[in-house]
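Please find below a colleague's note on the structure, set out as numbered points. The points begin with one helix and its surroundings, then turn to the sheet and to selected single residues.

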Amino acid sequence: MLKDIFKSISIPSIMGILNLTEDSFSDGGRYLSTDSAISYAQELIFAGATILDIGAESTRPGSKEVSAELEWGRIEPVLTKLKQSFPHIQISIDTQKASVARKAIALGADIINDVSALRNDPDMVQVLAEAKDTRLVLMHMQGRPENMQDKPEYQDVVKEVHDFLKERSEYAIMMGIYPQRLILDPGIGFGKNLEHNLKLLSSLDSFNDLNIPLLLGTSRKRFIDEITRSEVHRRIGGTLTTTMLACLSKAQIIRVHDVYEHAQFLKVLAAVAVMGET
């Protein structure tokens, strides 16, 4: 019955993606200047994003690391202006480097999004342990961005990703990061083929027993193109499908490029769900 489905739906927060990179798969090179980045961030906020995820180092398949100096040089002016202009918006910094995270937290970053789940930089866990008001995203990734799509293999991808996130969250807690500050991300597209991604998407509720908020990042990713051939900017329909799965599985954050369309989708869904429960 639809009424039963409506009762199980939750509406996630929208994390808008702001890439300050030259080579991100979707919008690389478009927001390298501070003015263009701030203008686009404002567009995402007005469209409905309550969190912005700022990345200055691409983690697309095959990408290479950039120096901490270059990464921070891109982030600092944008983060500074956004915290001044939009203090009510949560700012997430997508970085694997402790030095970048430390400086970002000092400027008011609310979340550190570490796609390595504290495995890349041994100093990262201490930086987060000392930052009592900053949340941390722990993401699953098999391999590294430069090689993660070289024939990824799993015996049971759902169990292995679940066990990895459980182990990483337990490690973070043991090192002094309270569980209330953690967010988990199964890492769709990071060291996974189409079958792996689909199995994870169809089992998102398998992570609910960890009792830590789940972030889902599927926006415009290649697995959509593998199901239905489409250019990067024409994958909104596929991404919205996964957002519906996020709503059904009680994921708390969706990380997306197309904020306006997702805000509209979620508002309509919420309105229908409320009416359906009456």
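1. In this predicted model, the buried residues of helix α2 include A37, I38, Y40 and A41. L44, I45 and A47 of α2 are buried as well. The elements that cover the buried residues of α2 include two strands, β1 (13–19) and β2 (51–55). Also among them are two helices, α3 (68–85) and α10 (259–277).

2. Helix α2 comprises 14 residues, 34–47, and its end C-alpha atoms are 20 Å apart. At 1.5 Å a residue the helix should span 20 Å, so the model agrees with the expected value. After α2 comes G48, whose phi is positive, near 135 degrees.

3. How many strands does the open sheet have, and in what order? The sheet has 8 strands, and the order is β6-β5-β4-β3-β2-β1-β8-β7, with parallel pairing. Strands β6 and β7 (215–216) are the edge strands, each of them pairing on one side only. Helix α2 packs on this sheet, where it touches β1 and β2; the direction of α2 makes about 165 degrees with that of β1. Helix α3 lies across β1, β2 and β3 and runs at about 175 degrees to β3. As general background, the strands of a sheet pair through backbone hydrogen bonds, in either a parallel or an antiparallel manner.

4. Strand β5 (residues 135–139) has 4 of its 5 residues buried, and is therefore largely enclosed by the rest of the structure. With strand β4 (residues 111–114), β5 pairs in the parallel sense over 4 bridges; the bridge partner of D114 in β5 is L138. β4 and β5, together with helix α5 (residues 124–130), make a right-handed β-α-β unit.

5. Strand β5 also pairs with strand β6 (residues 182–185), in the parallel sense and over 4 bridges. In β6, L182 is the bridge partner of L136. From β5 the chain crosses through helix α6 (residues 157–174) to β6, and this β-α-β crossover is right-handed.

6. Strands β2 and β3 (residues 90–94) pair in the parallel sense over 5 bridges, and D53 stands opposite S92 in β3. Is S92 buried or exposed? The relative accessible area of S92 is 0%, so the residue counts as buried. Leaving aside residues up to four places away in sequence, S92 touches M15, I51, L52, D53, I54, I111 and N113.

7. Two residues other than glycine merit inspection of their backbone angles. Most residues other than glycine have a negative phi. N211, however, has a positive phi, near 60 degrees. N211 lies in the loop between α7 (194–201) and β7, and its relative accessibility is 68%, so N211 counts as exposed.

8. The other residue is K250, whose phi is positive, near 70 degrees. K250 belongs to the loop between α9 (236–249) and β8 (253–256). Why does K250 count as partly exposed? The reason is its relative accessibility of 42%, given that the partly exposed class lies between under 20% for buried and over 50% for exposed.

Methods:
Residues are numbered from 1 along each chain as its sequence is written. This is a predicted model: local features need pLDDT of at least 70, side-chain atom pairs count only at pLDDT 80 or more; totals for chains, interfaces and linings use all residues. Side-chain values use heavy atoms; hydrogens and water are left out. The expected span of a helix is 1.5 Å times one less than its number of residues. Buried means under 20% relative accessible area, exposed over 50%, partly exposed in between (1.4 Å probe, protein chains only). Contact means heavy atoms within 4.5 Å. Two strands pair if DSSP finds at least two bridges between them. A crossover is right-handed if, with the strands pointing away from the viewer, the path from the first strand over the helix to the second runs clockwise. Axes are lines fitted to C-alpha atoms, for helices over the stretch in contact, and angles run from 0 to 180 degrees between N-to-C directions.
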